[in-house]
Amino acid sequence: MSDSDSFIDALTRAATVHFTPARQGPDTAAMWGSGFFVAPGWVLTCAHVLAPHLKGDQARVFHLRGSEVNGGEPLEAQLSCWLLDGEPRAEQRVPVEQDLALVQLVEPDVEHECVWLTDRTEYPGGRGMVQGYRPEQQEDGAEKRAVRWKATARINGFDDDYGMRFRPEAEFPRGGSGSPVVDAHTGAVVGILKSRRVGRDGGMAIAATALRRFGPAYQLVMAAHDRWHGQSPKVTGHNWIERQDQLPGAGVHTSGEQWSPVDRREALSLLAGVHPPAGIRPVAELAKKARGGVAPPPGQLLPRIWRDGHGLLYEAGQPVAAIAALHYLQLVVEYERSRGAEAAPLADWVARRLQEVPRIVHTVVTQATLPPGLVHPRTADGQDRIVVRYPRPGDGSAVVIVELEPVCDARPARFYWRIRVDDGHDVNEPLHEEHTGEGVPPEQIVQKLRGPLDEVFASVDSPGAPAPLEVALPADHFDTAVHRWQLTEMARLHHPAYVGVRRMVVLRDLARRGEPDTVWLRRWEGMLAAEALTACRTPPQRQVPRPRHFEEMPPSAVPVLCRPAGRGVGRRAIGMALQAGHGIALWHTDGHPDHGCTEFCEDVHQGAAVLLAQTAGAIELPDRLRRIRDDISGSRNSTHWAEGVSMLYDDPSRPLPADDSGPVDSP
């Protein structure tokens, strides 16, 4: 076969751009590097292309240009987010898994082409095309402008999860970093050019699957990508998918039993309109069932979104059969229904596509049922739920409560502690406690509690249903990252060590001991009655917190802080929230820049908004957050928005026992 398809080449070229400073001068480089449009207004490139120029000012506006974008005229753009861990350092070699950046147009309403990104996790390697821009070298050594270039390259090696190595047969120019790598077999972008070998041919690319490390931004960008490709006509008058249908990687489509690139485009476009899955497990379980109960080959990356599940259905790079794809899509429909939602457009399209398949396929798909692990018993209102509901008074479930009380006048802080069990009827006397002496410093609390908590959990945990852990402490200490506690130094391989991964972990306000006040009760009852929860940024951007911000929130609103709650602005905000009767709040415990919010703050607020939108009632929220923590633990994603997030879940119908340590009458 030929090295590439001329139409796919043209479409790739139309989507490829290069970056330049907004203001040109004698000392500025003609270009920084290359990139390409992946969705309307979104450009993907390497982080190391932008890092030297955005160091100290990540909000800097720069230009991007493409020979077939905006008539060749520059467009203003800004960094949206990158995977770099911390501030870039001079001459720093960026690891493969961190070397991606997403750029957004300042004015997004510009027509442009977008590449087609592969949905497959695995890539067997093979011949591909790389094209981007390089600086043109003048006779005097100056770089005056950027010119297009193209190279054929074969991928024949892999480094860990995301590195793809080229055979030493192609030479990549300086400035090519960030260029798209197109698989000639399927006509899909499978990687991003990262580096060349100086003075030699060959180099390295980053697998497109590294995009999954962007977290909520990945969901947002890929949904926009799939919706854009699901529309017609395109900017250039040609269509990626229709052209891919003629490539060897599409297989032979002689009947409706085969899944074509056109089917894939329609399916992924419709999946983009479905609510995001509640973590990795639903995607993996539904894909496994659609594959006939056979797990994908080992070594596959964890799926993040519904699109990734579709990508798990391929076998050794071969096109998926229609029965597997339709079965998977119908399972997604059933999953949505189990959440009390509907995916009507997807369900209608599956029903129409089933008219083209044999009867046996029709039967398998229409009788699809969720795997047992994703089916939750029906609740009193008759709706199915796939998450564990938080215990309420009288339901027979046990909750383990740890109270951490600061020792008066101790500097630095030290704590007394006690452990109780709330069985839903009344709170028993402390099972373990230390309430005399000098107390325990914060760094030794976990070691002190390991043995007693292990004993208590062993007595109250049910098979497959670990009891929730509540930690009650003063608001000044709300940034204690309890969900990161490790209650065993040597965890078993099948049991995660972090307490917040294995069980629901929430915080409570120690000052709310005893009879709850009417403000707290009224707001809690209003939240339980609300049809949907909403995230409320606290405090509003560029404002200081005011009591009215919290008093005027509707009962369904959950305060969300992208900063610590134990000091500074966050401490004032959480204090006002407690005073206004809020029983649920989310905040980020790991610090906040002094100069204002960053892109990560936006990730926290966006991620929290998605979490709350997926939650059918307050009593589902702790388990939904636990599932996210489980996903973070499995993926080792240190940059996930929820990694440092803590939750206040303070139910006034289950108040902490009143403090009986106050003054008493003299005998």
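Confidence in this predicted model bottoms out, by element, in strand β8 (residues 143-159), with a mean pLDDT of 83. The highest value belongs to strand β3 (residues 42-45), at 98. For the protein, the mean pLDDT is 85. A pLDDT of 70 or more is reached by 87% of the residues.

Two stretches need care. Residues 376-385 have a pLDDT below 50. Beyond near neighbours in sequence, that stretch has 20 contacts in the model. Residues 663-667 also have a pLDDT below 50. Beyond near neighbours in sequence, the stretch 663-667 has 0 contacts. Where pLDDT is low, the predicted coordinates should not be read in detail.

**Aromatic rings**

How many aromatic pairs are there? The count comes to 9. Take the pair of tryptophan 259 and tryptophan 349. Their ring centres are 5.9 Å apart. Their planes meet at 80°, and planes over 60 degrees apart count as edge-to-face, so this pair is edge-to-face.

Where do the two partners sit? Tryptophan 259 is in the loop between α4 (240-244) and α5 (261-271). Tryptophan 349 is in helix α9 (residues 344-353). The pair therefore ties together parts that are 90 residues apart in sequence.

Are these tryptophans buried or exposed? Tryptophan 259 is buried, because its relative accessibility is 3% and the cut-off for buried is under 20%. Tryptophan 349, at 10%, is buried too.

Elsewhere, ring pairs join Phe19, Trp32 and Phe62 into a cluster.

**Charges over rings**

Arginines also lie over ring faces. The table gives two cases.

| Arginine | Ring below | Distance from ring centre |
|---|---|---|
| Arginine 120 | Tyrosine 314 | 3.9 Å |
| Arginine 307 | Tryptophan 116 | 5.4 Å |

**Cysteines**

A disulfide is a covalent bond between the sulfur atoms of two cysteines. How many does the whole structure hold? The search finds 0 disulfides.

Why is cysteine 601 not bonded to cysteine 562? Cysteine 562 has the closest cysteine sulfur to that of cysteine 601, at 3.7 Å. A disulfide needs the sulfur atoms within 2.5 Å, so 3.7 Å is too far for a bond.

Cysteine 601 counts as buried, at 2% relative accessibility. Cysteine 46 is buried as well, with a relative accessibility of 0%.

Terms used: Residues numbered from 1 in each chain as written. Predicted model: local features only at pLDDT ≥ 70, side-chain atom pairs only at ≥ 80, totals over all residues. Heavy atoms only, no water. pLDDT = per-residue confidence, 0-100. Helix = DSSP H or I, 4+ residues; strand = E, 2+ residues; numbered from the N terminus. Contact = heavy atoms within 4.5 Å. Phe/Tyr/Trp six-rings, centres within 6.5 Å; stacked < 30°, edge-to-face > 60°. Buried < 20%, exposed > 50% of the residue type's maximum accessible area, 1.4 Å probe, protein only. Lys NZ or Arg CZ within 6 Å of the ring centre and 35° of its normal.
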